[in-house]
Amino acid sequence: MSDQSGPSKRLSAMPDHARKRLKSIEVEELLLDSDDDFYAGSDIDDINYEFIDSESDSESEEDEASQLQFCDAICNNCVTTTCPPDQPSRAVSKTCWSTDFSSMREIPFIRTNALLVPAPNNPRDYFDLFVSEDYLQNIADCSNRYAENLKNSSNQVQSRITQWKSLTLEELKIFIGLLLHTSTTKMNRVVDYWKIHRLYKSVFPQYMSRNRFQIILRCLHFVDEQNNADRMDKCKLVIDNFNNVMECIYYPGKNLSLDESMILWRGRLIFRQNIKRKRHKYGIKLYVLAEPNGIILKVHVFASTLDVTAGKGHTKKIVDKLLEGKLNAGHAVFMDSFYNSYGLAAKLLEQNTYCTGTLNKKHKDNPNSIITKKLKKGENVSQCRNGVHIGKWKDKREINYISTEFPDEMQEVITRRGTVATKPAAIINYNKNMSGVDLQDQMLSYYPCERKTLRCWKKLLNPICQK
């Protein structure tokens with residue numbers, strides 16, 4: 001008799017519901033261990049085991065859940081349109097990555113690119129479209145209230161603020177005209193425009209004195225300080241006015257580009273950003289929706305943790321905010337890898353909007369067979385799933401891209417050096433339509449009217465007015 005005791009209860013003393021249920025893999029383990037002395041002399045052989053097949057209809061709920069997870073894992077990586085033959089118990093619930101591009105669909109552009117107001121006759125009429133009389137009067141009222149507060153709180157008798165006089169609408173227009181005119185003369189300091197030397201002679205003294213110009217620049221305000229406005233509220237009037245005006249006077253064409261722009265700012269600021277690839281690496285980040293020709297359609301200032309788009313799903317929130325009013329119209333949006341993902345492309349496709357651009361290879365929904373494949377120069381591999389095309393092409397380096405508009409098609413293009421190269425259609429159209437924001441930054445650099453200031457919201461005024 002063995003030294004080790006058997007089970008404490010025999011089968012006769014056990015109720016029927018206590019019978020143990022074994023799966024096939026457990027039966028094999030019992031058979032392999034049947035020669036061990038551990039079971040010698042025990043009552044384990046008297047237990048009535050009920051053998052269960054893992055693929056039978058009486059399968060437990062836990063086994064079924066694990067079965068579904070296994071099939072999902074297979075579907076995420078397979079390149080066919082059906083699950084493996086050894087998994088017949090469950091139908092495929094979603095299309096797998098494949099080389100069949102028939103799921104890509106054509107979306108017509110149902111809107112018209114047009115100016116929604118009568119065409120202006122001169123530059124002044126274009127300016128009046130964005131800067132109305134009511135808008136300027138609001139700025140003048142806010143500036144007057146802010147100047148009175150500074151005047152009452154000043155303890156210096158000789159301070160320039162003590163000579164403040166109410167800012168009128170006509171005077172504000174002259175001030176804005178002189179401010180924009182500084183971009184054409186490009187002197188180092190503001191005071192240089194009022195020098196009487198023949199080398200510095202200008203028209204500025206004919207319209208406004210130097211002290212008056214500087215004090216208006218100091219007291220210029222866009223929000224009522226009595227409302228305890230924060231940093232973003234101080235520039236909200238300018239940004240909202242621009243976005244609303246563009247929505248009312250102009251509708252863009254089919255192709256749109258979405259990218260970031262930077263306003264130089266090296267001072268202390270809670271939402272200062274750092275983008276290394278931009279000309280101004282430090283500053284205030286603007287998310288911009290533009291046309292390929294450089295026309296700015298919508299602007300959003302990113303205020304870091306203070307922003308409504310901050311947190312999880314930040315890029316999707318930005319895209320939704322900038323494309324508000326442009327969805328379900330057949331637009332084609334071009335974005336870089338900071339925004340693009342399979343989930344966002346599928347969501348935009350459901351809203352009848354194309355999406356094309358570079359792709360970050362670290363996204364979890366990318367097909368592994370594409371991301372891990374090594375290519376030679378000039379090679380291209382592509383797969384499609386639910387109308388979303390993801391591919392990889394190698395030139396000097398490997399480029400991952402995504403598109404819901406362009407299938408797996410190679411086209412010839414003439415490079416800047418005059419040679420003929422073969423590239424994927426998605427890459428060619430991305431290069432053609434993605435430069436709208438960069439083109440706008442280039443045009444602004446020719447006529448800069450920004451001035452040094454310690455107030456970040458004033459820094460936002462000039463570039464947004466010039467856009």
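In which loop does Lys396 lie? Lys396 is found in the loop between strand 12 (388-394) and strand 13 (398-403). The structure described here is a predicted model, and this report considers its surface patches, aromatic pairs, salt bridges and selected backbone features.

**Surface patches**

Lys396 belongs to a positive surface patch, whose other members are Lys377, Arg416 and Arg417. The relative accessibility of Lys396 is 75%, and because exposed residues are those over 50%, Lys396 counts as exposed.

A second patch is nonpolar in character: Ile174, Val203 and Tyr207 together make a surface of about 260 Å². Of these residues, Val203 is located in the loop between helix 5 (169-185) and helix 6 (204-207). Val203 has a relative accessible area of 36% and is partly exposed.

**Aromatic pairs**

Across the whole structure, a search finds 8 aromatic pairs. One of them joins Trp97 and Tyr342 in an edge-to-face arrangement, with 5.5 Å from centre to centre and 65 degrees between the planes. Trp97 is placed in the loop between helix 2 (61-77) and strand 3 (114-115), while Tyr342 is in helix 10 (residues 342-350); the pair therefore ties together parts that are 245 residues apart in sequence. Trp97 is buried, its relative accessible area being 1%. Tyr342 also counts as buried, at 10% relative accessibility.

Another edge-to-face pair is made by Tyr287 and Tyr339, whose ring centres are 6.3 Å apart and whose planes stand at 75 degrees. Tyr287 is part of strand 7 (residues 282-290), and Tyr339 sits in the loop between strand 9 (332-335) and helix 10, so this pair ties together parts that are 52 residues apart in sequence. Tyr287 is buried, with a relative accessible area of 0%, and Tyr339 is buried with a value of 2%.

Ring pairs also link several residues into a cluster, which consists of Phe175, Tyr193, Trp194, Phe204 and Phe213.

**Salt bridges**

The search of the whole structure finds 11 salt bridges. Three of them are set out below.

| Residues | Closest N to O distance |
|---|---|
| Arg189 and Asp192 | 3.4 Å |
| Asp192 and Lys195 | 3.2 Å |
| Asp320 and Lys347 | 3.0 Å |

Asp192 takes part in a salt bridge with Arg189 and in another with Lys195. Asp192 counts as buried, at 5% relative accessibility. Its partner Arg189 counts as partly exposed at 47%, and Lys195 is likewise partly exposed, at 31%.

The salt bridge between Asp320 and Lys347 has its closest N and O atoms 3.0 Å apart. This pair links distant parts of the chain, with Asp320 in helix 9 and Lys347 in helix 10, 27 residues apart. Asp320 is partly exposed, with a relative accessible area of 29%, and Lys347 counts as partly exposed at 33%. Elsewhere, Glu133, Glu170 and Lys173 are joined into one network by salt bridges that share partners.

**Buried helix and a contact distant in sequence**

Why is helix 12 described as largely enclosed by the rest of the structure? Helix 12 (residues 425-433) has 9 residues, and 7 of them are buried, so the rest of the structure largely encloses this helix. The buried residues of helix 12 are Ala425, Ala426, Ile427, Ile428, Asn429, Tyr430 and Asn433.

Ile249 provides a further case of burial, at 8% relative accessibility. This residue lies in helix 8 (residues 233-249). Ile249 and Leu115 are separated by 134 residues in sequence, yet their C-alpha atoms are 5.9 Å apart in space.

**Backbone angles**

Most residues other than glycine have a negative phi. Against this background, two asparagines deserve mention. Asn328 has a positive phi, near 60 degrees; the residue lies in the loop between helix 9 (314-322) and strand 9. Asn328 is partly exposed, with a relative accessible area of 44%.

Asn386 likewise has a positive phi, of about 55 degrees, although it is not a glycine. Asn386 is located in the loop between strand 11 (380-385) and strand 12. With a relative accessible area of 37%, Asn386 is partly exposed.

Notes:
Residues are numbered from 1 along each chain as its sequence is written. This is a predicted model: local features need pLDDT of at least 70, side-chain atom pairs count only at pLDDT 80 or more; totals for chains, interfaces and linings use all residues. Side-chain values use heavy atoms; hydrogens and water are left out. Patches are made of residues with over 30% relative accessible area and no salt bridge: like charges are joined within 9 Å, nonpolar side chains (Val, Leu, Ile, Met, Phe, Trp, Tyr) within 5 Å. Accessible areas come from the Shrake-Rupley method with a 1.4 Å probe; for residues, only the protein chains shown count as cover. A salt bridge is a side-chain nitrogen of Lys or Arg within 4 Å of a carboxyl oxygen of Asp or Glu. Lys and Arg count as positive and Asp and Glu as negative; His and the chain ends are not counted. The place of a charge is taken as NZ of Lys, CZ of Arg, CG of Asp or CD of Glu. Helices (H or I, at least four residues) and strands (E, at least two) are DSSP runs, numbered from the N terminus. Buried means under 20% relative accessible area, exposed over 50%, partly exposed in between (1.4 Å probe, protein chains only). Rings of Phe, Tyr and Trp (its six-membered ring) pair if their centres lie within 6.5 Å; planes under 30 degrees apart count as stacked, over 60 as edge-to-face and the rest as tilted.
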